[in-house]
Structures are given as C-alpha cells and as structure tokens.
Amino acid sequence: MPPTYEASIEYAQNQDRIDTLFPFRERFLFPQHNGEDVRYFCGNSLGLQPKSVSYLMEKELQDWAKHGVEGHFRAGYPWFSYHHFYTDRLAKIVGAGKDEVVAMNTLTVNLHLLMVSFYRPQGKRYKILMEAGAFPSDQYAVETQVRMHGFDPEDAIIEIAPKDGAYLIEHQDIINAIKDAGETLALVMIGGVNYYTGQFFDLESITKAAHSVGAYAGFDLAHAVGNMPLQLHNWNVDFACWCSYKYLNSGPGGVGGAYVHERFGNDPKFFRLGGWWGNDEKTRFKMQKGFIPQKGAASWQISNAPVFNMVAHNASLDVFEKAGMKALREKSLLLTGYMEFLLKQVTHLPFEIITPADPAQRGCQLSMLFKEKGREVFDLLTQNGIIADWREPNVIRIAPVPLYNTFEDCYRFYEVMMEIA
Ligand SMILES: *Cc1c(COP(=O)(O)O)cnc(C)c1O
C-alpha cells in the first residue's frame, strides 16, 4: 500500500512525531541561516558533522600530545590498529564480510588501485563498459587506465547512454551491451547510483552478466553507500569503492573505502600494489624483502592509516550502527516518497523529476530538471534557508536523508517552491 501523504504542515509534523529516527537529527550540527538551522538537502554532496566529532578529535590530539610516537600503541584507540576499530560497522553498511572491506585513501585513488588489480587486459579482452555521463573523476580514471595499457579510449571504453530523449539508462541495454561485448570485455565499472539522475542500478544482475562473459564487475558507490541497502558479497560483486563525505558524514576529503570479494582478498597471488600497511601485520616491522599481502581487502592498503581523518569516520559509523541501515532505508522510502508527492503538487514551475519513479531504482535523492528558471528557483531556495545542490546546466538535486532530514524539512521546501511566482 502506498502511503497516503498530505501536503500540510500538520501532517508533516505529525510524521516527525511518530518517526523513531527523529532523535538522530540531534546528533548533527546544522549550518545557520538567520539564526536558525538551514533545511539541509545536500547530504548527497557533503554530509553534516556529527556532534561527537569535535570531542573525539580533541581526544586524539591530546593522545598525540601526551604519547607522541607511543600513541601507536597507547592512544585510547591505538593508531597502529585504528582502521580495524570500525571495519565491522563499515562491512554491515555495504553487506560484506569484515575482511572484505577497508577504509583507506580517497575514492578515485581507490578506484585506480583496484583497477590496477581488476583491469588487466589480455589478448582481445581489453574493453571497459561504463555508463555514459559518469562522474568526471571516474571518466578520467578509466580513460587513463586504458591509456596506461596502450589502448585508445575511443575504442576500449564502451559507454551505455539513455535512449534518445530519455534521462535514465535502461537496465536491459546494459545487459545487452555486456553480452554483445562478450569476450572483448575485461571489466564493467559503473556508478551504483548515478550522481546526476539518482538512478540506482541492479548491481546483482549486472555482476552476473559481466561474469557470464568472463569479465569482472566493480562499482563506484559514492552515491550508494549509506543510502541504499547493499549486499556486495551476496551479489558476488568483485570490487567496489566509495567516499565517506557524502551520506557517510565523515567530513571533506574524508577517508574513502574499498571492498574486494574474499576470493581475491584471500588469494595472495592475485596482484595488488604493495605497501607496508597492506603487508602481513606480523612481519610489517621486520623490514624484510618480499611483500606478503595480509588477508582480505586490507592488503590493498599502502600507507599507514590517516588517523585524524578516521576520527570523523569512526564517529559517523557509530551513528549508522545505532540507527541501522534497515530502519534508515524504511524511513528513506517514506521521506523521499513524501518529497516526491509534494513536488508533484508544484505544477506552476517548469520542471520534471528525472529520478526513477520506482523506489527500488533510487535512493533518497531526487533530481529536478528545469526547462527554464532553474537557477532562479535555486537562488530563491537558498535565500530562504534551503540548501540544495545546483548542477549545470539546469538540474537541482535534493537529498532528504533519513538520518537528519524531517518531513517538516520537505514541507518547508515545498512551501518555498509554492511561493515562487
Ligand atoms: C563524489 C564522487 C567522486 C569524488 O572522488 P574523490 O576521489 O573522492 O574526490 C568520484 N566519483 C563519483 C561517482 C562521485 O560521486
């Protein structure tokens, strides 16, 4: 049964009253506008700061002051093992085993490191399939990986675009293209949720199709992690990477993440670039020749862990653990459904929602494509204390995130839209 929404402030406030996740809002700091919290719809771009971060950061600074180098073993959370403290929580968010995930580096760097392992062209198998209009960083990464192996991106990269006049990519078009590429295909690398349209792809069947032609399947989960329920292990995905500053609220430039299926993580002969942090922890300090990868995704680590960066990550994952992805997704479906319902009442402005109408094919984000006046609407929203995201040439993206957005936020957004002439 679809919920029966109402476009009224009473309805919105009542939904907030019965929302069991409502108190989580209190755990975050909101930018201010005229002395009040803004209505923040940009969690898909940069998540808000958990209040616990400044306390935890201060503690880490004190440990550094107090212990110096000894902090590696004596800090409250010893730095030597810092990246281990929250791996189980991270693993739950992406639906993987504890050994299959690691927080390290940043997103595009992780994509490169993983492609070094998973894009190893051989003979006529050298092509990469990705979505057209992928996030620029992903395009650049794929383009230069292809060049590194001596191929021409025009020839080696297969891009799947929406049909003429459409905004979304048809699932079957992806599957057909994989089958058509057949044994020329080395890798499928797609953004799990498209950053522009908010379209979520069926990662399980894409993986299956890739495997059926002998290719690997990897995903950039920048807009999916902490947003969509994921089952990377059960879907048999080969690898994935993500950033932590969007839905995972871990701050600008926050530490990225990577997933590698255990069949590769546990195979020491599977190639990965080496560094001391990826080496077996027992021999890491023996200063011997010969890289011995430790077990799991952690063996893709290269340098020692960026502890200060991980403080915010740790704090945020703690909030996720308490809220639970299942409850977050349930609220997300209702909240985004409500936002969509309200936007459909706004008939006097020239826009359409290009995000899939099917909730199974989207997370919390909705993208509004304006025929005209987009920038004007965006500026008026901003002046009214609503933080949305503008994408050239004509799209406003909004993300009512279940951790800290409310039904009232959605209503206020709608109210401002209704007042625009
Ligand atoms: C946000 C985002 C990035 C950003 O990459 P960084 O390496 O973290 O700067 C890359 N790819 C996609 C799909 C993104 O959404």
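**Strand β17, the ligand shell and aromatic pairs in a predicted model**

In this predicted model, strands β16 (residues 389-391) and β17 run antiparallel and are joined by three bridges. The two strands form a hairpin, with three residues between them. Pro393 is found in the loop that connects β16 and β17, and the peptide bond between Glu392 and Pro393 is cis, with omega at about 0 degrees. Strand β17 also pairs with strand β14 (residues 366-370), again in the antiparallel sense, over four bridges. Ile396 in β17 illustrates both pairings: Met368 stands opposite Ile396, and Trp390 likewise stands opposite Ile396.

In a regular strand, side chains alternate between the two faces of the sheet. Strand β17, which comprises residues 395-398, is covered on both faces. Val395 and Arg397 lie on one side, Ile396 and Ile398 lie on the other, and all four of these residues are buried.

The ligand is surrounded by Leu107, Thr108, Phe135, Asp138, Asp220, Ala222, His223, Tyr245 and Lys246. By residue class, this shell divides into four nonpolar, two polar and three charged residues. Several side chains of the shell approach polar atoms of the ligand. A nitrogen atom of the ligand is 2.7 Å from an N or O atom in the side chain of Asp138. An oxygen atom of the ligand is 3.1 Å from an N or O atom in the side chain of His223, and for the side chain of Tyr245 the distance from a ligand oxygen atom to an N or O atom is 2.6 Å. On its own the ligand has 390 Å² of accessible area, of which the protein covers 83%.

Aromatic pairs number 31 in the structure. One of them is formed by Phe41 and Phe413, whose rings are 5.3 Å apart from centre to centre, with 75 degrees between the planes, an edge-to-face arrangement. This pair links distant parts of the chain, as the two residues are 372 residues apart. Phe41 belongs to the loop between β4 (39-40) and β5 (49-50), whereas Phe413 belongs to helix α14 (residues 407-419). Both Phe41 and Phe413 are buried.

Helix α14 also contains the pair of Tyr411 and Tyr414. The ring centres of Tyr411 and Tyr414 are 5.4 Å apart and their planes stand at 55 degrees, so this pair is tilted. Tyr411 and Tyr414 are separated by about one helical turn because they are three residues apart in helix α14. Tyr411 and Tyr414 are both buried. Elsewhere, Phe118, Tyr216, Phe239, Phe264, Phe270 and Trp300 form one aromatic cluster.

Two asparagine residues were examined for their backbone angles. Phi of Asn236 is near 70 degrees, a positive value in a residue other than glycine. Asn236 is placed in the loop between β10 (216-220) and β11 (239-242). For Asn249, phi is near 50 degrees, which is also a positive value in a residue other than glycine. Asn249 lies in the loop between β11 and β12 (257-260). As to their surroundings, Asn236 has a relative accessibility of 30% and therefore counts as partly exposed. Asn249 has a relative accessibility of 3% and therefore counts as buried, the limit for a buried residue being under 20%.

Key: Residues are numbered from 1 along each chain as its sequence is written. This is a predicted model: local features need pLDDT of at least 70, side-chain atom pairs count only at pLDDT 80 or more; totals for chains, interfaces and linings use all residues. Side-chain values use heavy atoms; hydrogens and water are left out. Buried means under 20% relative accessible area, exposed over 50%, partly exposed in between (1.4 Å probe, protein chains only). Two strands pair if DSSP finds at least two bridges between them. A residue is near a molecule or strand if one of its heavy atoms lies within 4 Å of it. A polar contact is a pair of N or O atoms within 3.5 Å; within protein, one must be able to donate a hydrogen and the other to accept it, and residues adjacent in sequence count only if both atoms are side-chain atoms. Accessible areas come from the Shrake-Rupley method with a 1.4 Å probe; for residues, only the protein chains shown count as cover. Ala, Val, Leu, Ile, Met, Phe, Trp, Tyr, Cys and Pro count as nonpolar, Asp, Glu, Lys and Arg as charged, and the others, Gly among them, as polar. Rings of Phe, Tyr and Trp (its six-membered ring) pair if their centres lie within 6.5 Å; planes under 30 degrees apart count as stacked, over 60 as edge-to-face and the rest as tilted.
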